[in-house]
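Colleague: Please choose one part of this model and look at it closely, in words that a first-year student can follow. After that, please go on to the other parts, so that I can place the chosen one among them.

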Amino acid sequence: GFKCGIVGLPNVGKSTLFNALTQTAAAQAANYPFCTIEPNVGEVAVPDQRLDALAGIAKSAQIIPTRLTFVDIAGLVRGASKGEGLGNQFLAHIREVDAIAYVLRCFEDDDITHVEGKIDPLSDAETVETELMIADLESLEKRVVNLEKRARGGDKESKEQLDLVNCVLPLLRDGKPARLAKISDDERAAFEALNLLTSKPVLYVANVDEGSAATGNAYSERVEARAREEGAVAVVISAKIESEIATLPPEERAEYLDALGLHETGLDRLINAGYGLLGLVTYFTVGPKEARAWTIEKGTRAPQAAGVIHTDFEKGFIRSETIAYADYVALKGEAGAKEAGKMRLEGKDYVVADGDVLHFRFAN
Ligand code: GDP
């Protein structure tokens, strides 16, 4: 599955946020046949009202949302790239995630020590990212000599990688993350193969005080401004409030949110932002037994999408009966969509669209 790492300096609210995420997931666990929760790894449901609507139309007995994995990666301190704190272990954990959520402290509380001595979310973001940039810089500098040697020897792949490295190194030396490098579609795969820490997409989580959950505050505004400049995503959240919401029975949540002036939980926004950040889309399988959401990367073709359900579906793929979400709802289900000519038969080159309701035909 797809993984999003929660990263930040100590005492910024990472664990509070992570626990709120997984507590919510645990409360919903009855619906989850495969929900596994480890101390610092949690699978959370991706909230999607479309799935409920589809299940309502098909009178599905069970609703199974798709999931996203969050990993609480503790241990980042200034000097992590030099082995301080949990150092290398910490960096190894980051290497394994697909995207990074930087939790930034945007709340004041004299009782809770700030490791840098003052509240300054942008400076914290830089402290954290600097450690990752140093690690990337050192790892690339180590590789350059070897790549140059092999490129001179006529190895094409090494030459390609070397060109990329030479485009990323000046950025890193200039204190900029590798994700800001201009990479063409052709180079994308090789770029990802470099497996850098700062090439992963990032999401800023501005953790504000309880009173600013709905409005944000001066600190979170700075975080949002920075995200806009970078074309990144920022989510304003109060981890404290989220942990309170997580303990409420589901039927009381809406009322509590209303009272706070919020429309959805910060966790829902965070999960959806993570989903968008990872470039993921959802398709559905719908029937009387269950309505289920499945996650694929944007651009995935029908056979590979079927493979997410079962490898046999991919191997024996024949075609996919396809109904767009809007048609399924407007025509009140499969029969209506079929009658109106809105069920398409798509072949192996079809790129699955977000919201497609699919039924795969395959041979064994
Ligand atoms: P971590 O070290 O980043 O995992 O931080 P924790 O989640 O353990 O939080 C550190 C301390 O800050 C704890 O005492 C939390 O209760 C507190 N904290 C976290 N979020 C908030 C918040 O939004 N407001 C306030 N006032 N305290 C918070």
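Modeller: Let me begin with residues 279-362, where the chain is 30% helix and 37% strand, and where the C-alpha atoms at the two ends are 27 Å apart. Please keep in mind that this is a predicted model. The stretch has a name in a record, since UniProt, in an unreviewed entry, places the feature "domain: TGS" at residues 279-362. The division of the chain into domains gives domain 3 as 299-362, alongside domain 1 (3-47 + 66-118 + 201-277) and domain 2 (128-193).

Within this part, a good place to look is helix H11, residues 302-309, in which Ala302, Pro303, Ala305 and Ala306 are buried. These four residues lie on the same side of H11, because the arc that they cover around the axis is only 160 degrees. A general point about helices helps here: an α-helix has 3.6 residues a turn, so residues three or four places apart point the same way. As for what the buried residues of H11 pack against, the partners are strand E9 (280-286), strand E10 (290-297), helix H12 (311-315), strand E11 (317-323), strand E12 (344-346) and strand E13 (357-362).

Another residue to pick out in this part is lysine 332, which sits in the loop that joins helix H13 (325-330) to helix H14 (334-339). Its phi is positive, at about 55 degrees, although lysine 332 is not a glycine. Lysine 332 is exposed, because there are 11 other C-beta atoms within 10 Å, and a residue counts as exposed when that number is 12 or fewer.

Moving on to the rest of the chain, the C-alpha centres of domain 1 and domain 2 are 30 Å apart. To the contact between these two, domain 1 gives 10 residues and domain 2 gives 6 residues. On the side of domain 1 that touches domain 2, the residues divide into 8 nonpolar, 2 polar and no charged.

The ligand is the next thing to find. There are 17 residues around the ligand, and those that come nearest are Gly13, Lys14, Ser15, Thr16 and Lys240. Two elements, helix H1 (14-27) and helix H8 (239-247), are the ones that give two or more residues to this shell, and H1 gives the most, with 3 residues. Sorted by class, the shell has 5 nonpolar, 7 polar and 5 charged residues. The UniProt record, again as an unreviewed entry, lists Asn11, Val12, Gly13, Lys14, Ser15 and Thr16 under "binding site".

Three of the residues in that record can be taken in the order of the chain. Asparagine 11 is in the loop between E1 and H1, and its phi is near 65 degrees, a positive value in a residue other than glycine. Asparagine 11 counts as partly exposed, because it has 13 C-beta neighbours inside 10 Å. Valine 12 is also placed in the loop between strand E1 (3-7) and H1, but valine 12 counts as buried, because it has 28 C-beta neighbours inside 10 Å, and the limit for a buried residue is 20 or more. If residues up to four places away in sequence are not counted, valine 12 touches Val103, Leu104, Arg105 and Asn207. Threonine 16, for its part, lies in helix H1 and is partly exposed, with 16 other C-beta atoms within 10 Å. Again not counting residues up to four places away in sequence, threonine 16 touches Ala239, Lys240 and Ser243.

Finally, consider helix H9, residues 250-260, which is hardly covered, since 1 of its 11 residues is buried. Glycine 261 follows H9 and has a positive phi, near 80 degrees. Leucine 262 is found in the loop between H9 and helix H10 (266-277), and it counts as partly exposed, because it has 18 C-beta neighbours inside 10 Å. Although leucine 262 and alanine 214 are 48 residues apart in sequence, they are 5.7 Å apart in space, C-alpha to C-alpha. With the neighbours within four places in sequence left aside, leucine 262 is in contact with Ala213, Ala214 and Leu257.

Notes: Residues numbered from 1 in each chain as written. Predicted model: local features only at pLDDT ≥ 70, side-chain atom pairs only at ≥ 80, totals over all residues. Near = placed C-beta within 6 Å. Nonpolar A, V, L, I, M, F, W, Y, C, P; charged D, E, K, R; others polar. UniProt positions renumbered as here; feature names shortened; annotations may be inferred. Contact = placed C-beta atoms within 7 Å. Domains from an automatic or database assignment. Arc of directions from axis to C-beta.
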